[in-house]
Amino acid sequence: MKLPGARSLRVRVTVLATVLVAAAGLLLLWLAWTLVGDAVDAVPHMPPGTIVRVDGIDVDASTLAQHLRTHAVTRVLIFGSLAFCFVVAAAAILAWTFTSRVLRPLREITGTARRLSIESMGERIGEIRSRDELAELAKTFDDMLDRLQDAFDSQRHFVANASHELRTPLSVIRTELDVTLSDEHADEAEFRRMAGVVLDATNRAGQLVNSLLLLARTDGAGLVTRELVDLTVLVERAWSAVRGEAEQRGLRADFAMQPSPAIGDPALLERIAGNLVENAVRHNVDGGWIEVTTEPGAHWSTLRVRSSGGLLDPAAVPELFQPFRRAGVARTARSGAGLGLSIVRAAVQAHGGTVSAEPVVGGGLAVTVRLPTA
């Protein structure tokens, strides 16, 4: 398929090359004409009135010299003009032919870009015969398409999981309302029980929406506020929020904390500590343990949260940072939405820090966060 853009570029390159060759040819023709004229004028002249014999005819020497000069210049112009026309035509043909070969990869890139859509994101340019800048452009274009496809796939997966997570509390609410309202003998206690279930489901849906909004605000965004915050203070706040639940489950908590400053958004930093501590409590086993450590550094402060729990496959640990993934808990579990570590990762990356996780021997998870101190 001939693309208008590529064809227009091909015409422009051909015209430009032809004009340049024509200009060079005209310059050379003028130089040749001038040099021949100068060479003829440089021939020594005979004295005025000298008669020379040419083919048995007596001719005045000055007339013969003028005739030879005119003849030489005329032949230069004729043959030079013929050569000029031939060179210009050859240049136009060669420029048109070679430009077509050079622009073929560009046409392939343009054609692929025109055919692309959300449904055909898997198409790629692939290897091209060229090994110049166009090959590098094609490779860069394919790499960009790979990143776009990953982003689209991640978006589809995220939307599907979010829809599934929201469908669960909505289904609970609808079921409770249908069952209770269809019961003609339902009393006040039954309505209160239904209200309690609906309230729990509504709270869960609200928490999920808030988590999604926080993840959307954090993921890939820059920091608006930068303040000096002590990580130990954030951990203490997070622990006070879940301490009651931890005591009910018989969890043993050990804290080894030193003042550890970090620069960043206080709300996001608090969410990092809060999510790690909450996950350590809610995804733990009854009678388990939690270890929280903060360590200051010259350039980085470290927050490490280790906890007992179920056995984890080391290869599956990186997936826990993806939305709606939980450590050994079914995705439809009532505790949490599976966005805790996703929010932690997004917030840490927004601060220019790093986060990593590894399974604990015997069961559990250890998460380490490093945040800049300046």
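## Exercises on a predicted model

E270 is partly exposed, at a relative accessible area of 33%. Keep that residue in mind, as we will return to it below. The model is a predicted one, with seven helices and nine strands in the protein.

**Exercise 1. Find which residue forms a salt bridge with R237, and say which parts of the chain the pair ties together.**

Solution.
- Step 1: start from the closest N and O atoms. Those of R237 and E270 are 3.8 Å apart, and the two residues form a salt bridge; the cut-off is 4 Å.
- Step 2: place the partners. R237 belongs to helix α5 (residues 231-248) and E270 to helix α6, so the pair ties together parts that are 33 residues apart in sequence.
- Step 3: check the surroundings. R237 has 45% relative accessibility, so this residue counts as partly exposed.

**Exercise 2. Work out where E291 and R306 lie, and how many residues apart they are.**

Solution.
- Step 1: confirm the pairing. E291 and R306 form a salt bridge, with their closest N and O atoms 2.9 Å apart.
- Step 2: locate both ends. E291 is in strand β6 (residues 289-295) and R306 in strand β7 (residues 300-307); they are 15 residues apart, and the pair links distant parts of the chain.
- Step 3: read the accessibilities. E291 is partly exposed at 30%, and R306 counts as partly exposed at 27%.
- Step 4: look for shared partners. Salt bridges of that kind join E245, R271, E278 and R282 into one network. The structure holds twelve salt bridges.

**Exercise 3. Decide whether E278 is buried or exposed, and list what it touches.**

Solution.
- Step 1: place the residue. E278 sits in helix α6.
- Step 2: apply the cut-off. Buried means under 20% relative accessible area, and E278, at 19%, therefore counts as buried.
- Step 3: list the neighbours. Leaving out residues up to four places away in sequence, E278 touches V242 and R271. With R271 there is also a polar contact between side chains, at 3.0 Å.
- Step 4: widen the view to the helix. Other buried residues of α6 include L268, L269, I272 and V281.
- Step 5: test the helix length. At 1.5 Å a residue, the 17 residues of α6 (residues 266-282) should span 24 Å, and the end C-alpha atoms are 24 Å apart, which agrees.

**Exercise 4. Explain why E188 and R192 can pair within one helix.**

Solution.
- Step 1: recall the helix geometry. An α-helix has 3.6 residues a turn, so residues three or four places apart point the same way.
- Step 2: apply it. E188 and R192 are four residues apart in helix α4 (residues 188-218), about one turn of the helix.
- Step 3: check the distance. Their closest N and O atoms are 3.1 Å apart, in a salt bridge.
- Step 4: compare with the surface. E188 is exposed at 55%, and R192 is exposed at 60%.

**Exercise 5. Find which helix gives the most to the nonpolar patch, and how many residues of helix α7 are buried.**

Solution.
- Step 1: list the patch. L27, L28, W30, L31, W33, L35 and L77 make a nonpolar surface patch of about 720 Å².
- Step 2: assign it. Helix α1 (residues 4-41) gives the most, with six residues. L28 lies in α1 and, at 57% relative accessibility, counts as exposed.
- Step 3: turn to α7 (residues 340-350). Nine of its eleven residues are buried, so the helix is largely enclosed by the rest of the structure. Among them are L341, I343 and V348.
- Step 4: step past the end of α7. G352 follows, with a positive phi near 80°.

Notes:
Residues numbered from 1 in each chain as written. Predicted model: local features only at pLDDT ≥ 70, side-chain atom pairs only at ≥ 80, totals over all residues. Heavy atoms only, no water. Buried < 20%, exposed > 50% of the residue type's maximum accessible area, 1.4 Å probe, protein only. Helix = DSSP H or I, 4+ residues; strand = E, 2+ residues; numbered from the N terminus. Patch = residues over 30% accessible without salt bridge, like charges linked within 9 Å, V, L, I, M, F, W, Y side chains within 5 Å. Areas by Shrake-Rupley, 256 points an atom, 1.4 Å probe, with all protein chains shown as cover. Salt bridge = Lys/Arg side-chain N within 4 Å of Asp/Glu carboxyl O. Expected span 1.5 Å × (residues − 1). Polar contact = N/O pair within 3.5 Å; in protein donor to acceptor, adjacent residues only side chain to side chain. Contact = heavy atoms within 4.5 Å.
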